[in-house]
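Got your viewer open and a selection box ready? Here is a tour of the empty spaces and the helix crossings, one stop at a time.

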Amino acid sequence: MRYPVISTWSATSPFGVGRAEFTAGIAERRSTRALLDPVRWQVPEREGCVVPGFDVRESLGRKGTRMMNRVTGLTIATVGHVLAEAGHPEGGADDVALVLGTTAGSMQSSMEITHSSLTGARPYHVEPATIPYAVMNGAAGRCAIWHGLRGPNSTVAAGRPTGMVGLTYARRLLLAGRARQVLCGAAEEFSPARSWVEHHGRAEGEPDTVLGEGCAIFLLGLEPVAGARPLASVLSVRTRMAADGDWGAAVGHCVDGVLSQVEEKPDQVWAVSPSGAAGAAGAAEQARLAEVFGAGTLIPPVAELIGETHSAASAFQIAAVLSLAERDPASAGRTAVVTSVDPSGMAAAALLRLA
């Protein structure tokens with residue numbers, strides 16, 4: 001069986017811009033939680049985890065960015081870093097696909113259009129340039145145009161496991177010959193709209209959640225990029241709905257599924273990355289993983305450092321595993337497990353073979 005390999009990756013995160021900043025932040029276990037500027041961020045929370053100093057127009061230039069929202073800017077910037085490292089041709093490519101995970105695109109853009117429609121003299125008195133950015137696949141579409149990615153362009157939404165679900169979609173594109181390479185990842189923006197939705201959607205008595213943002217993108221292919229050493233192979237991904245609320249069992253089924261596909265034993269696994277989700281779901285996930293692999297195999301959740309990144313959470317978990325493996329020679333040739341749970345009811349697990 002042929003497995004997709006990750007040739008390179010990058011991240012724009014609360015640690016900073018680029019892969020090196022993310023890798024250093026993970027190694028140092030550096031918390032990015034900080035007080036928010038109340039003038040810029042009119043949100044109910046006092047603290048958050050935002051990409052330091054990130055501004056769309058300063059990062060990408062003034063041309064074509066006048067109405068661009070934050071999630072699109074984060075995506076374009078991160079994909080640009082990956083393509084630069086992979087030697088992407090300036091004219092673009094017909095055989096490079098993009099699979100981007102998101103919760104709902106940009107809640108901020110969607111709410112701004114709704115607000116303009118309700119408060120303007122006429123319902124159609126809205127800024128036309130904002131409309132493409134308000135749809136869920138706006139970021140993926142604009143990113144493909146920006147970088148000349150003329151292969152399949154897809155947007156995936158599956159809650160916190162979105163990054164892993166995107167990997168399965170990317171694998172199908174590669175095996176079907178629809179693309180030679182796939183840029184796969186997820187993005188989430190920090191915005192007043194997202195913050196207020198999270199605030200009002202919180203159950204009574206539930207502790208406050210520190211929101212984070214960012215984008216993580218991986219370049220996958222059935223063969224590594226010319227001249228590059230593959231970083232990891234994606235061996236298997238499994239998802240399951242915890243319809244009965246038994247999160248431990250759902251996570252256990254996913255883990256058993258990915259391990260059994262390649263006949264891997266739990267004691268052979270180098271590291272396990274739990275989601276660190278808040279509440280009962282995250283606690284049950286952590287307990288089940290400790291039971292199967294032993295607590296010493298579990299790495300601290302990325303969410304503790306960069307906040308709740310929702311749809312980008314599992315993509316950042318994969319990035320964290322690759323970051324740690326890069327600094328640990330003992331990881332070579334061994335496997336790593338990444339798991340995720342989402343309040344919507346989905347659990348997921350992915351198995352990577354590290355190079």
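Before you select anything: a cavity here is a set of grid points where a 1.4 Å probe fits but cannot get out, while a pocket is an open set. Keep in mind, too, that you are looking at a predicted model. With that in hand, a search of the whole structure turns up 2 cavities of 30 Å³ or more. We'll get to both, but the pockets come before them on this route.

**Stop 1: the largest pocket**

Select Glu198, Thr209, Ala278, Glu308 and His310 and centre the view on them. These are the residues nearest the centre of the largest pocket, out of 37 that line it. To see which elements give two or more residues to that lining, colour helix 8 (192-201), helix 10 (279-293) and helix 11 (303-306). The volume of this pocket is about 870 Å³. Now colour the lining by class: you should get 17 nonpolar, 10 polar and 10 charged residues.

**Stop 2: the second largest pocket**

Next, pick Met68, Asn69, Arg70, Gln108 and Glu189. Of the 21 residues lining the second largest pocket, these sit closest to its centre. The space in there comes to about 440 Å³. Show helix 2 (56-60) and helix 4 (107-119) as ribbons, since each supplies at least two lining residues. Which helix gives the largest share of this lining? That is helix 4, with 3 residues. How does the lining of the second largest pocket divide by class? It has 7 nonpolar, 7 polar and 7 charged residues.

**Stop 3: the second largest cavity**

Keep Gln108 and Glu189 selected and add Thr103, Ala104, Gly105, Ser106, Met107, Glu188, Ser191 and Arg194; together they line the second largest cavity. Its volume is about 40 Å³. Class by class, the lining has 2 nonpolar, 5 polar and 3 charged residues.

**Stop 4: helix 4 against helix 8**

Stay with Met107, Gln108 and Arg194, and switch to a view of the helices. The axes of helix 4 and helix 8 come within 7 Å of each other and cross at roughly 95 degrees. Angles from 65 to 115 degrees count as roughly perpendicular, so that is the label for helix 4 and helix 8. For the contact itself, select Met107, Gln108 and Met111 on helix 4, then Pro192, Ala193, Arg194 and Val197 on helix 8. This contact has 5 nonpolar residues, 1 polar and 1 charged.

**Stop 5: helix 9 against helix 10**

You met helix 10 in the lining of the largest pocket. Now add helix 9 (residues 247-261): its axis and that of helix 10 come within 8 Å and cross at roughly 45 degrees. That angle makes helix 9 oblique to helix 10. Is the crossing of helix 9 and helix 10 left-handed or right-handed? It is right-handed.

For the side chains, here is the selection:

- On helix 9: Trp247, Gly248, Ala249, Val251, Gly252, Val255 and Leu259.
- On helix 10: Ala281, Ala284, Glu285, Arg288, Leu289, Val292 and Phe293.

Colour this contact by class and you get 10 nonpolar, 2 polar and 2 charged residues.

**Stop 6: the largest cavity**

Select Arg160, Ser275, Val302, Ala303, Ile306, Gly307, Thr309, Ala313, Phe316 and Gln317, which line the largest cavity. Helix 11 and helix 12 are the elements giving two or more residues to this lining, and helix 12 has the largest share, 3 residues. The space inside is about 50 Å³. Its lining divides into 5 nonpolar, 4 polar and 1 charged.

**Stop 7: helix 1 against helix 12**

Leave Phe316 highlighted for the last stop. Helix 1 (residues 19-28) and helix 12 (residues 313-326) have axes that come within 9 Å and cross at roughly 80 degrees. That makes helix 1 roughly perpendicular to helix 12. From helix 1, take Arg19, Phe22, Thr23 and Ile26; from helix 12, take Phe316, Ala319, Ala320, Ser323, Leu324 and Glu326. The tally for this contact is 6 nonpolar, 2 polar and 2 charged residues. Phe316 thus turns up twice on the tour: it lines the largest cavity, and it belongs to the contact with helix 1.

Technical notes: Residues are numbered from 1 along each chain as its sequence is written. This is a predicted model: local features need pLDDT of at least 70, side-chain atom pairs count only at pLDDT 80 or more; totals for chains, interfaces and linings use all residues. Side-chain values use heavy atoms; hydrogens and water are left out. On a 1 Å grid over the protein atoms alone, a cavity is a set of points where a 1.4 Å probe fits but cannot get out, and a pocket is an open set with protein on both sides within 12 Å along at least five of seven lines; lining residues have an atom within 4 Å of a point. Grid points are joined across faces, edges and corners, and a volume is the space filled by probe spheres set on the points. Helices (H or I, at least four residues) and strands (E, at least two) are DSSP runs, numbered from the N terminus. Ala, Val, Leu, Ile, Met, Phe, Trp, Tyr, Cys and Pro count as nonpolar, Asp, Glu, Lys and Arg as charged, and the others, Gly among them, as polar. Axes are lines fitted to C-alpha atoms, for helices over the stretch in contact, and angles run from 0 to 180 degrees between N-to-C directions. Angles under 35 degrees count as roughly parallel, over 145 as roughly antiparallel, 65 to 115 as roughly perpendicular and the rest as oblique. Contact means heavy atoms within 4.5 Å. A crossing is left-handed if the near helix is turned anticlockwise from the far one by less than a right angle, and right-handed if clockwise.
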